[in-house]
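I opened this model to look up two matters in turn: the surroundings of a ligand, and the layout of a sheet. My entries follow in the order in which I made them.

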Amino acid sequence: MSKLFLASIKENKEIAGSHYILTLSPLTKTIKPQPGQFFMLSVSNGLDPLLKRPFSIFRVSEKHFQILYRVVGKATEILKNKKAGDVIEALGPLGNGFPRIKPNIKPILIAGGVGVAPLFALAESVKYKKPLFFLGARNKKELLCINELRKIRINPVIATDDGSAGLKGTVVDALSAFLTRHSSLVTRHCIYACGPKAMLRELSFLAGKFNIEAYGAFEENMACGVGACLGCMVNTKDGLRSVCKEGPVFPLGEILW
Amino acid sequence: MVRLKSNLSVNIGKLKLKNPVMTASGTFGYGEEYAGFVDLNKLGAVVVKGLSLNPSRGNPTPRIVETPSGMLNAIGLQNIGIKAFIKDKLPFLKKYDTKVVVNFFGNAVKEYAEAARRLSGESGIHALEMNISCPNKQAGWIAFGTDPKVTFKVVSAVRKATPLPLIVKLSPNVTDIKIMAKAAEDAGADALSVINTITGMSINIKTRRPHLANITGGLSGPAIKPVAVRMVWECYKTASIPIIGMGGIITADDAIEFMLAGAAAVAVGTANFINPKATMDILKGITAFMSKEGINDVKRLIGGVEC
Ligand SMILES: Cc1cc2nc3c(=O)[nH]c(=O)nc-3n(C[C@H](O)[C@H](O)[C@H](O)COP(=O)(O)OP(=O)(O)OC[C@H]3O[C@@H](n4cnc5c(N)ncnc54)[C@H](O)[C@@H]3O)c2cc1C
Ligand SMILES: Cc1cc2nc3c(=O)[nH]c(=O)nc-3n(C[C@H](O)[C@H](O)[C@H](O)COP(=O)(O)O)c2cc1C
Ligand code: FES
């Protein structure tokens with residue numbers, strides 16, 4: 001079940017170039033979101049921008065929840081100028097979220113760019129399992145949440161496209177190197193991922209090669225967020241599935257690329 | 001002072017609605033998607049996503065992109081097919097005290113008629129809305145909604161295939177919608193839905209590629225409202241069958257404007273995406289307007305524009 005509600009902004013803080021953390025406090029009772037679920041947020045009361053925009057849950061506490069967002073266009077430009085005390089409308093939580101992690105399974109979390117948002121939420125909820133975390137970005141400046149991860153005692157393996165921090169290459173390359181080194185252990189792992197589509201695609205081949213269960217959180221342009229408009233479909237072995245309602249998390253092995 | 005309860009009921013031919021607020025096809029799923037936000041019993045009618053005889057996959061993504069005060073969509077009429085609708089979706093809708101209008105399409109005259117025939121045997125379906133106006137179909141198909149001769153032919157065939165109230169949904173992508181309205185009426189339509197989306201295009205200036213995988217799409221939302229109001233008014237003056245007005249209705253004021261232009265009922269589309277409770281807010285707003293203006297019967301708004 002999801003709800004339409006108003007939330008007041010507690011804080012809207014820049015954490016790295018063009019990346020912000022928005023802290024919201026709902027004005028009415030809401031449903032606690034699970035990692036991998038998301039909210040649709042309105043950034044204007046008028047007709048422009050018209051549609052709500054989807055953002056993953058980044059962090060939840062008793063009274064607040066947080067979104068980590070990257071400024072890419074019209075709505076996020078407006079959002080970044082919102083101040084504490086401003087009230088915005090939200091719809092959610094929406095989508096399925098990551099599946100529960102089975103006992104005796106060590107989670108491998110892998111994030112590209114702002115895809116770290118839902119995986120940080122997942123990491124917090126399974127930190128007792130000491131998940132492995134692979135974090136990638138284009139360059140050092142765009143690496144997000146390293147300190148937040150260290151605070152929950154997760155030391156991520158880092159990869160950047162330009163080699164300005166960690167390994168040079170993609171996070172999938174980094175994971176591939178790890179799996180090759182530890183190939184005797186891999187059956188007890190499960191992969192959880194979010195990032196650009198190309199990354200999820202590479203990852204699905206890698207997971208297939210090592211025969212590891214893998215889940216990815218997908219993105220598509222959305223209008224309704226509730227499975228009504230059929231705007232956000234992905235192609236799976238079971239046919240077309242909506243990212244907003246049947247996803248955003250899908251087993252990577254189910255996707256037809 | 002005696003306060004008369006205002007009468008909200010309207011008739012779309014033989015189809016009697018408890019109030020004029022309907023949902024627009026393709027924007028309300030099969031009803032269940034919004035049942036957590038809207039009491040479906042309170043709607044004049046639920047119009048479901050367009051169905052065809054066989055399931056249809058639709059277009060590749062991106063299928064939607066926002067434009068100033070509007071959105072382009074190129075869903076491509078993805079649907080589960082009539083058989084699955086009757087088995088999996090209709091039982092849910094039957095539980096509600098509202099009218100169920102099934103939007104449908106075919107890829108040939110025969111398919112339209114066959115689809116109408118299949119839908120007509122089912123209890124719980126109160127009317128059919130025939131989509132001849134999707135802008136995301138191939139050139140040959142577009143003729144159903146843009147060539148009055150083809151419109152007449154396909155509507156006549158469907159008319160023979162169904163005893164249910166038949167609503168024909170017109171395309172705004174024509175030079176003169178009056179001719180299309182007349183063709184549909186002459187072929188036996190009981191009502192007209194005006195308008196479907198307007199063909200549009202949007203380009204990413206950095207990549208130089210269209211935002212939609214389908215290149216073009218259908219524009220909906222507030223951006224199209226004045227065009228839609230004008231077309232409802234033109235159809236109202238030309239045709240003698242009732243009109244369901246739609247295109248950019250966000251508020252009760254918008255809905256009332258459509259009724260004044262000649263709509264007997266209104267359908268709410270894109271607004272559902274922005275506010276899942278939009279239909280209920282619009283209904284409340286119409287009632288409030290009526291009591292403020294001392295109008296006791298909503299039918300008195302229909303065609304009330306003075307010009
Ligand atoms: C389920 C889901 C969860 C999401 N979670 C987050 C999140 O936690 N944090 C976050 O920052 N974003 C997230 N997104 C993406 C976010 O919704 C978009 O970035 C946002 O809608 C852009 O809105 P805008 O109006 O600012 O940009 P628009 O004006 O709509 O687009 C501007 C430009 O940015 C590009 N763009 C749009 N969306 C994306 C995208 N997803 N990635 C890269 N470029 C894009 C467009 O192609 C366009 O050229 C999520 C998306 C989905 C579907
Ligand atoms: C995502 C989307 C899907 C639609 N699907 C259909 C459809 O299947 N059949 C149809 O007749 N019209 C369809 N329409 C058109 C709407 O029913 C309506 O005529 C149009 O959107 C104008 O109304 P609005 O501006 O209130 O959305 C669709 C519109 C949208 C936005
Ligand atoms: S956004 Fe409408 S179906 Fe997913």
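**Ligand 2 and its surroundings**

I began with the contacts of ligand 2 in this predicted model. A backbone N or O atom of B:Gly221 lies 2.8 Å from one of the ligand's oxygen atoms. I then noted that the protein covers 98% of the 610 Å² of accessible area that ligand 2 has on its own.

Next I looked up side chains. B:Lys169 places a polar side-chain atom 2.7 Å from an oxygen atom of ligand 2. For B:Asn131, the corresponding distance from a polar side-chain atom to a ligand oxygen atom is 3.2 Å.

I asked where ligand 2 lies with respect to chains A and B. I found it between the two chains, and I recorded that ligand 2 sits in the largest cavity.

I then listed the shell. There are 24 residues around ligand 2, and those that come nearest are B:Ser25, B:Lys169, B:Gly221, B:Gly248 and B:Thr270. By class, I entered 15 polar, seven nonpolar and two charged residues for this shell.

**The sheet in chain A**

I turned to an open sheet of seven strands in chain A, with antiparallel pairing and the order β4-β3-β7-β1-β2-β6-β5. Its edge strands are β4 (53–56) and β5 (59–60), each of which pairs on one side only.

I followed one pairing further. In chain A, strand β3 (residues 38–41) and strand β7 (residues 87–94) pair in the antiparallel sense over three bridges. I noted that A:Leu41 stands opposite A:Ala90 in β7(A).

Definitions and conventions. Residues are numbered from 1 along each chain as its sequence is written. Chains are lettered from A and ligands numbered from 1 in the order in which they are written. This is a predicted model: local features need pLDDT of at least 70, side-chain atom pairs count only at pLDDT 80 or more; totals for chains, interfaces and linings use all residues. Side-chain values use heavy atoms; hydrogens and water are left out. A residue is near a molecule or strand if one of its heavy atoms lies within 4 Å of it. A polar contact is a pair of N or O atoms within 3.5 Å; within protein, one must be able to donate a hydrogen and the other to accept it, and residues adjacent in sequence count only if both atoms are side-chain atoms. Accessible areas come from the Shrake-Rupley method with a 1.4 Å probe; for residues, only the protein chains shown count as cover. On a 1 Å grid over the protein atoms alone, a cavity is a set of points where a 1.4 Å probe fits but cannot get out, and a pocket is an open set with protein on both sides within 12 Å along at least five of seven lines; lining residues have an atom within 4 Å of a point. A molecule sits in a cavity or pocket if more than half of its atoms lie within 2 Å of its grid points. Ala, Val, Leu, Ile, Met, Phe, Trp, Tyr, Cys and Pro count as nonpolar, Asp, Glu, Lys and Arg as charged, and the others, Gly among them, as polar. Two strands pair if DSSP finds at least two bridges between them. Helices (H or I, at least four residues) and strands (E, at least two) are DSSP runs, numbered from the N terminus.
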